[in-house]
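Me: I would like to practise reading a fold with you. Could we go through it feature by feature?

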Amino acid sequence: MYATRIGLVGGTTANGHTVRARDHFAALPSRRGLSPRGTGDYTVKVCTTSGGRCEYAPVWDVGPWNTRDDWWNPSSIRENWKDLPRGRPEAQAAYQSNYNGGLDQFGRTVRNPAGLDLADGTFWDGLRLTDNAWVDVTLLWTGGGARAVVGSGPLNLRAGAGTSYASRGLAATYAQVPVQCYVTGQKITGTYRTTTRWYRLVGGTYVSHAYLSSIYGGTVPRC
C-alpha cells in the first residue's frame, strides 16, 4: 500500500480528534474503518517494506483521496468500485491504470496511488520514513485472537523482553495489538502496574504489560 503523510497539525479528524505535532494515528478512505475518538476499535499495523520498522496505529481519520472506498472488503460488501480487486484502492487503480479516467470520487485527478494516510509521529518516528512510500499494511480487526490495548503510548516494540533490546517500532495509545504469548523479562514500572511480564506480539516483537490497560479476546499462554 502507498502511504502519504497527513500533517494538518491543529486540524480535526473525522472522529473529532485534534491533530497534534508528531501525532500517532492512521487514515483510511472509508468510515467503515474509522475508530471512535479515544479508541482503537479499528487498528492497523503498518510496516516498512523491509520489515525493519512497524507501528500499530488506530484509524482516526478518513482519506486519502476518497471517503467511500473500503478497499479491504470483498466486492459483495465494498461500498464503491466493486469491480476492483479486493485490496486495491481506487486511487491506486486511477493513478496506475487510469481507472475512472484517472479521477477520484470527487472528480479530482489522482496524483499518487495512496490508499493510506499516516500522522506525522507514525510516519517519522514509528516507521522513520522521510518521504511518501510503499508500506505493508495489516487490518487487525479482520483477524481474531487475544488483543492488548495500549493505554500509554507510543510504546516501543522491543526485539526482546527488556529495554536493552532494540526498538523495532511503536504502538500508539489506544492501539489494539495482537498478543501471541507472554514471557518473564525485565521488571518495569509503568502507567498501570509494576511487572516482569512481557507479551510477544504477532511478528515477534515484545511490549511490557506495565503500559497495557487491558487484555481481551482469549487466554494468553506462556511462550
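Me: How many positive and negative side chains does the protein chain have, and how far apart do the centres of the two sets lie?

Reply: Happy to help, and keep in mind that this is a predicted model. Count each kind of charge, then compare where the two sets are centred. Here the protein chain carries 24 positive side chains and 15 negative ones, with 10 Å between the centres of the two sets.

Me: Thanks! Which secondary structure elements are in the protein chain?

Reply: The protein chain has 13 strands and 2 helices. For contacts, look at sequence separation: of those between residues at least 6 apart, 59% join residues at least 24 apart.

Me: What does the radius of gyration say about the protein chain?

Reply: The idea is to set the value against that of a compact globule. For 223 residues such a globule would have a radius of gyration near 17 Å, and the protein chain has 18 Å, so the two agree. Along the principal axes, its C-alpha atoms fill a box of roughly 55 × 35 × 35 Å.

Me: And burial: what share of the residues is buried?

Reply: Buried residues account for 52% of the 223. The accessible surface is about 9,800 Å², and carbon and sulfur atoms contribute 46% of that.

Me: Let's try one residue. Is aspartate 23 buried or exposed?

Reply: Relative accessibility under 20% counts as buried. Aspartate 23 is therefore buried, at 2%. This residue sits in the loop between strand E1 (2–5) and strand E2 (26–28).

Me: Which residues does aspartate 23 touch, leaving out those up to four places away in sequence?

Reply: Aspartate 23 touches His17 and Thr18, along with Ala119, Asp120, Gly121 and Thr122.

Definitions and conventions. Residues numbered from 1 in each chain as written. Predicted model: local features only at pLDDT ≥ 70, side-chain atom pairs only at ≥ 80, totals over all residues. Heavy atoms only, no water. Helix = DSSP H or I, 4+ residues; strand = E, 2+ residues; numbered from the N terminus. Rg over C-alpha atoms; globule rule 2.2 N^0.38 Å. Buried < 20%, exposed > 50% of the residue type's maximum accessible area, 1.4 Å probe, protein only. Contact = heavy atoms within 4.5 Å. Areas by Shrake-Rupley, 256 points an atom, 1.4 Å probe, with all protein chains shown as cover. Lys, Arg positive; Asp, Glu negative; His and termini not counted. Charge placed at Lys NZ, Arg CZ, Asp CG, Glu CD.
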